[in-house]
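Below are my notes on the model, set out point by point. Please read them with the structure open.

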Amino acid sequence: MIRPIITLRRVRIIVDIDTQRDFLVANGKMCTRNHPVVLANIRRLTAWARLKNIRMISTARINPKDHSRLDFCVEGTPGQEKVPYTIRNRHISFAADGCTDLPRDILRRYDQIIVSKRCDDPFDEPRADRILSELKVTEFIVFGVLTECSVKATVLGLLARRRNVTVITDAVGYCDKETADIALRQMEAKGANMIDTKTALGASHLHMVGACDCDMCRGKSSCDCRVRA
Ligand SMILES: [Zn+2]
């Protein structure tokens, strides 16, 4: 019998989806339209996860150098890097190499697993599929990008596996608002809990964006003005 890789139970876990520079900073190849709000909320959520010692599963998109169409999150470029405050000190990273090997008791030894994937759907990537499918936890708390692609695929995949999923609705970034709204409605219809950061964590005066210094992010950091979509 194969020993389960992850044996944490009755706990929450964060699923942090593709929070990389190309999606979340203004000069990124595919920067999301609502990135200032999303970054500020992700910063709060990751600080909360550190404080509460909540483990994180992070997916990271990676595209090959020579692909003509997939020019974002390209291997070896700054755009492929994760936003710094989404990285925990005790983390372990895995390449998208088609293997499913994982060390024993991985989430006892590390606070975060960062797993690369070559596609939107983590369940199409063998190692990410294994990690997400074998995790037996009470609740998956999901944020990241893109709402209309990877977030949708991850949430619907977890729900299809009968997992309890909570989507943080103001910590998911989109490029196409209309498609993202439809995706969020699909997730909710399939059973995801939909809450915003304030409901999850309580009100806060902390709105620092940190990772991006475009005008919108600077405006948000200084006055918490609403970002125009
Ligand atoms: Zn910005």
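**Notes on helix packing, sheet and cores**

1. In this predicted model, one helix contact brings Thr 147, Glu 148, Val 151, Lys 152, Val 155, Leu 156 and Leu 159 of α5 against Thr 179, Ala 180, Ala 183, Leu 184, Gln 186 and Met 187 of α6. Sorted by class, this contact of α5 with α6 holds eight nonpolar, three polar and two charged residues.

2. The axes of α5 and α6 (residues 177-189) lie 10 Å apart, and the packing angle is about 5°. The helix α5 is therefore roughly parallel to α6.

3. Helix α5 (residues 147-160) also supplies four residues, the largest share, to the largest nonpolar core. That core has 30 residues, and Ile 57, Ile 113, Val 142, Val 155, Val 167 and Met 187 have the most contacts inside it. Beyond its neighbours within four places in sequence, Val 155 touches Val 142, Val 165, Val 167, Met 187 and Ala 192. A separate second core of 29 residues includes Leu 70, Val 83, Leu 146 and Ile 168.

4. The seven strands of an open sheet run in the order β3-β4-β2-β1-β5-β6-β7, with parallel pairing. Because β3 (91-94) and β7 (193-195) are edge strands with a single partner each, one side of each has no neighbour in the sheet. On average, neighbouring strands are turned by 20° against each other, direction ignored.

5. At the β7 edge, β6 (residues 165-173) pairs with β7 in the parallel sense over three bridges. Thr 166 is opposite Asn 193 in β7.

6. Helix α2 (residues 35-52) packs on the sheet and touches β1, β2, β5 and β6. The direction of α2 makes about 135° with that of β6.

Notes: Residues are numbered from 1 along each chain as its sequence is written. This is a predicted model: local features need pLDDT of at least 70, side-chain atom pairs count only at pLDDT 80 or more; totals for chains, interfaces and linings use all residues. Side-chain values use heavy atoms; hydrogens and water are left out. A nonpolar core is a set of buried Ala, Val, Leu, Ile, Met, Phe, Trp, Tyr and Cys residues joined through side-chain atoms within 4.5 Å. Buried means under 20% relative accessible area, exposed over 50%, partly exposed in between (1.4 Å probe, protein chains only). Helices (H or I, at least four residues) and strands (E, at least two) are DSSP runs, numbered from the N terminus. Contact means heavy atoms within 4.5 Å. Axes are lines fitted to C-alpha atoms, for helices over the stretch in contact, and angles run from 0 to 180 degrees between N-to-C directions. Angles under 35 degrees count as roughly parallel, over 145 as roughly antiparallel, 65 to 115 as roughly perpendicular and the rest as oblique. Ala, Val, Leu, Ile, Met, Phe, Trp, Tyr, Cys and Pro count as nonpolar, Asp, Glu, Lys and Arg as charged, and the others, Gly among them, as polar. Two strands pair if DSSP finds at least two bridges between them.
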